[in-house]
Amino acid sequence: MIKEHLAIWAFVLIAVSASSGETDRKPLDEEFLRNYMAGEYDLIGRKADSSATYNGHVTLRDEGGVLQVTRTVEGKTDKCAARFDTVAGSDRIPVLRMRFRFEGKEYDATYTWQSDPDNYPRLTGYLYLSGTKSPGLEALFPIHK
């Protein structure tokens, strides 16, 4: 009798874990995320392979289904497009990726986000150059208007 109950519970657990795995595979709701993240941000960063810091301004805009990025750092402006992706294999952790020029070099950046206490997105990320030993860091804080 105990073995039968254990077998039934094992079957139930396998069925539940299999069905929950299907919901984990849902694609990101990119339209929602573009609208949620669109806005103005203060930028605070640390350069890759350095202890030098910088600050700036970032604007994220949903233009035709693409999250367009305008970065202004140390008086220089660069524009790029951001894209959503997932990392960590089957964990599928959502991230925002960008490729932009900063100080004449091509950077790849990967950001995660969370909601601040006012339900605005706050982004933190790592910046990489080819051959980076210590990635740069950035935090984007929403500007409340």
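A polar contact here is a pair of N or O atoms within 3.5 Å, where within protein one must be able to donate a hydrogen and the other to accept it. With that in hand, let's walk through this predicted model.

Q: With which side chain does the side chain of R71 make a polar contact?
A: R71 lies in strand β3. Its contacts beyond four places in sequence include H57, D78, F100 and E138. For the polar contact, the distance is 2.8 Å, and the partner side chain is that of E138.

Q: Is R71 buried or exposed?
A: The cut-off for buried is under 20% relative accessible area. R71 has 3% relative accessibility, so R71 counts as buried.

Q: Which strands form the closed barrel, in order?
A: The barrel has eight strands, and their pairing is antiparallel. From one strand to the next, the twist averages 30 degrees. The order runs β1-β2-β3-β4-β5-β6-β7-β8.

Q: What angle does the direction of helix α2 make with that of β6?
A: Helix α2 covers residues 30-37 and packs on the sheet. Among the strands α2 touches are β1, β2 and β7. Its direction and that of β6 make an angle of about 95 degrees.

Q: Which residue in β6 is the bridge partner of M98?
A: Strand β5 (residues 93-102) and strand β6 (residues 105-115) run antiparallel and are joined by seven bridges. For M98, the bridge partner in β6 is A109.

Q: Which element supplies the largest share of the largest nonpolar core?
A: In soluble globular proteins, nonpolar side chains tend to be buried together. Here the largest nonpolar core has 26 residues, and M98 and F100 are among those with the most contacts inside it. At least two residues come from each of α2, β1, β2, β3, β4, β5, β6 and β7. The largest share, four residues, comes from β5.

Q: Which residue of β3 does F100 touch, given that R71 lies in that strand?
A: Leaving out residues up to four places away in sequence, F100 touches C80, Y107, A109 and L127, among others. The list for F100 also includes a residue that lies in strand β3. That residue is R71.

Q: Where is E103, a residue with a positive phi although it is not a glycine?
A: Most residues other than glycine have a negative phi. E103 has a phi of about 55 degrees. E103 is partly exposed because its relative accessible area is 42%. Its place is in the loop between β5 and β6.

Key: Residues are numbered from 1 along each chain as its sequence is written. This is a predicted model: local features need pLDDT of at least 70, side-chain atom pairs count only at pLDDT 80 or more; totals for chains, interfaces and linings use all residues. Side-chain values use heavy atoms; hydrogens and water are left out. Two strands pair if DSSP finds at least two bridges between them. Axes are lines fitted to C-alpha atoms, for helices over the stretch in contact, and angles run from 0 to 180 degrees between N-to-C directions. Contact means heavy atoms within 4.5 Å. A nonpolar core is a set of buried Ala, Val, Leu, Ile, Met, Phe, Trp, Tyr and Cys residues joined through side-chain atoms within 4.5 Å. Buried means under 20% relative accessible area, exposed over 50%, partly exposed in between (1.4 Å probe, protein chains only).
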